[in-house]
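Thanks for sharing this one with me. Here are my notes, written as a few short points to read with the viewer open.

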Amino acid sequence: GFIIVFLILAASGAAYFLLSSRGGEEPRPKLVPPTPFFATETSRTLEANTGDRTLFLRLMEDSLKEFEREGTIKRIAIKLRDGPRERFAAADDFFELYRITPPPGFLRTLEREFMAFVYYGRGGSRIGLAARTRDAERTWRDLIMWESSLLRDFAPLFFDAKTEVVIAPFEDRTYRNIDWRFLKLSQSEDLGIGYTVFPAGNVAVITTSKEAMETVIIRLFDNR
């Protein structure tokens, strides 16, 4: 009888220990991507270690090569792992992985929420970026300052697209009463560097085609 009582007590103690130790563990919250700034038809999440630049670049190139319907936008959520910790990439992570150096102070005006996307146009897939700014005027000023080296810095984002020798400067454009600036990089294809700060929500946008910028402006209006 003593042995049975002992076994029951031992089993009860082990069960209590397991339950109490489980109760003490904090469940890891599920990592949720930031809310996109505008509607997209599809989405893809890329996962890479913070130091694995080669994998990240390969996954980005693969995302551009995926076939999607013309006129659609695919959101690219970039999940970075640093040991056991995970986070979604901010603009500074993206620029660091691409070895892009923005003007001093540019990143300090941006909020953490960041959105990379691919626009599928008639001439192929074009990459774009969006982030919310805390100081729209400062961001505009920084982007204008950046114009002299934007083409060189953003060269990796054109992938296989062939840019032409550019002599003309950035031009002022307006679409649906939204001012933006554009550097045309091809006479035959919709290829270039465009940027704006959309006033509702102060969303800074950089695209690599005219059609991409105009489509994003329409969707930002729809999202107000």
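The points below go through some strands, one helix residue and a group of aromatic rings.

1. A word before we start: this is a predicted model. Please read everything that follows as computed from that model.

2. Let's begin with strand 5, which covers residues 124-133. Is this strand enclosed by the rest of the structure or not enclosed? It is largely enclosed, because 8 of its 10 residues are buried.

3. One partner of strand 5 is strand 4, residues 110-121. The two run antiparallel and are joined by 9 bridges. They form a hairpin, with 2 residues between the strands. If you would like a place to look, find Leu110, which stands opposite Thr133 of strand 5.

4. Strand 5 also pairs with strand 9, residues 203-207. This pairing is antiparallel too, with 5 bridges. Here Ala131 has Ala204 of strand 9 as its bridge partner.

5. Next, a charged residue that you may want to click on: Glu147 lies in helix 4, residues 136-154. Is Glu147 buried or exposed? Its relative accessibility is 16%, and the cut-off for buried is under 20%, so Glu147 counts as buried. Leaving aside residues up to four places away in sequence, Glu147 touches Phe170, Arg181 and Tyr195.

6. Now the aromatic rings. How many aromatic pairs does the structure hold? There are 14. One of them joins Phe56 and Tyr98, edge-to-face, with 5.5 Å centre to centre and 75° between the planes. This pair links distant parts of the chain, since Phe56 sits in helix 2 (residues 53-65) and Tyr98 in helix 3 (residues 91-98), 42 residues apart. Phe56 counts as buried because its relative accessibility is 1%, and Tyr98 counts as buried at 4%.

7. Phe94 and Phe95 make another pair. Their ring centres are 6.2 Å apart and their planes stand at 70°, so this pair is edge-to-face. Phe94 is buried, with a relative accessible area of 0%. Phe95 is buried as well, with a relative accessible area of 4%.

8. Finally, which residues form one aromatic cluster? The members are Phe56, Phe94, Phe95, Tyr98, Phe106, Phe114, Trp146 and Phe154. Both pairs from the previous points, Phe56 with Tyr98 and Phe94 with Phe95, are therefore made of rings that belong to this cluster.

Terms used: Residues numbered from 1 in each chain as written. Predicted model: local features only at pLDDT ≥ 70, side-chain atom pairs only at ≥ 80, totals over all residues. Heavy atoms only, no water. Buried < 20%, exposed > 50% of the residue type's maximum accessible area, 1.4 Å probe, protein only. Helix = DSSP H or I, 4+ residues; strand = E, 2+ residues; numbered from the N terminus. Pairing = 2+ DSSP bridges. Contact = heavy atoms within 4.5 Å. Phe/Tyr/Trp six-rings, centres within 6.5 Å; stacked < 30°, edge-to-face > 60°.
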